[in-house]
Amino acid sequence: MRRLALILATAAMMTATARAETPEEWVKLGERVHGGFGTYIALGIRIGLDAAEQLGAKPRELDVTVYDGAATPCPCIADGVMIATTASPGQNSLRVAAEKAPAESMAVVVVRHRKDGRGLRYAVPDSLRAKLAEWNKANDPMGRWKVVTAAPEAQLFVREALPAAAPPK
């Protein structure tokens, strides 16, 4: 009995601290959810993981609004953020805004903690679109994951803390 309790306690600690997704699993999940895996999905996952870490959030604790750029082909970044944060339109915790991102941004992602309203704003510069397209052409899905996750944060986005607001409903 004592041995079983020790095994269960150890397993619980390991699952609480272990990272659930490998790079291969992120790529497969992105392909399944989006229909393909490109650099926009990888970038969305990177933003979502960063937001969850910065805000100390667990799954289902984040609220996300994505503002797509006028020249962006589709809000693919939203699918990556959704995968990483588990926010979703079905939970009313992820939305793509009707308003567009400012002209200098290919996307803006606003993430708030649902419990306390703390927030972050991620601005993805429009100048990054050409680099993402280049990386898409030069790499297979795993290569796209690797190049986006290896790129310096400052090349991909600008993160800004937002003042706490009333927690989203």
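Is C76 buried or exposed? C76 is buried, because its relative accessible area of 10% falls under the 20% limit that defines burial. This briefing concerns a predicted model. It covers the disulfide, the strands around β3, the packing of two helices, and the nonpolar cores.

**The disulfide**

- C74 and C76 form a disulfide, in which the sulfur atoms lie 2.5 Å apart.
- The count of disulfides in the model comes to one.
- C74 counts as partly exposed because its relative accessibility is 28%, and the partly exposed class lies between the 20% and 50% limits.

**Strand β3 and its partners**

- Strand β3 spans residues 105–113 and is mostly covered, with nine of its nine residues buried.
- Strand β1 (residues 62–68) pairs with β3 in the antiparallel sense, and seven bridges join the two.
- Within this pairing, V64 has V111 in β3 as its bridge partner.
- β3 also pairs in the antiparallel sense with strand β4 (residues 119–125), again over seven bridges.
- In the pairing with β4, S105 stands opposite P125.
- A hairpin is formed by β3 and β4, with five residues between the strands.
- G117 lies in the turn of this hairpin and has a positive phi of about 80 degrees.

**Packing of helices α3 and α5**

- Two packed helices are described by the angle between their axes and the distance between the axes.
- For helix α3 (residues 39–55) and helix α5 (residues 128–138), the angle is about 115 degrees and the axes are 9 Å apart.
- On the α3 side, the contact involves T39, Y40 and L43.
- On the α5 side, L128, R129, L132, W135 and N136 take part.
- The residues of this contact comprise five nonpolar, two polar and one charged.

**The nonpolar cores**

- The largest nonpolar core has 41 residues, and L43, I77, V109 and V124 have the most contacts inside it.
- At least two residues of this core come from each of α2 (23–34), α3, β1, α4 (76–85), β3, β4, α5 and α6 (141–150).
- Helix α3 gives the most to the core, namely nine residues.
- Leaving aside residues up to four places away in sequence, V124 touches L43, I47, I77, E104, S105, M106, A107, L156 and F157.
- A second, separate core has five residues, among them A101, V108, V110 and L162.
- L43 therefore appears in two settings: L43 meets α5 as part of α3, and L43 is one of the residues with the most contacts inside the largest core, where core membership requires a buried residue.

Terms used: Residues are numbered from 1 along each chain as its sequence is written. This is a predicted model: local features need pLDDT of at least 70, side-chain atom pairs count only at pLDDT 80 or more; totals for chains, interfaces and linings use all residues. Side-chain values use heavy atoms; hydrogens and water are left out. Axes are lines fitted to C-alpha atoms, for helices over the stretch in contact, and angles run from 0 to 180 degrees between N-to-C directions. Helices (H or I, at least four residues) and strands (E, at least two) are DSSP runs, numbered from the N terminus. Contact means heavy atoms within 4.5 Å. Ala, Val, Leu, Ile, Met, Phe, Trp, Tyr, Cys and Pro count as nonpolar, Asp, Glu, Lys and Arg as charged, and the others, Gly among them, as polar. Buried means under 20% relative accessible area, exposed over 50%, partly exposed in between (1.4 Å probe, protein chains only). Two strands pair if DSSP finds at least two bridges between them. A nonpolar core is a set of buried Ala, Val, Leu, Ile, Met, Phe, Trp, Tyr and Cys residues joined through side-chain atoms within 4.5 Å. A disulfide is a pair of cysteine sulfur atoms within 2.5 Å.
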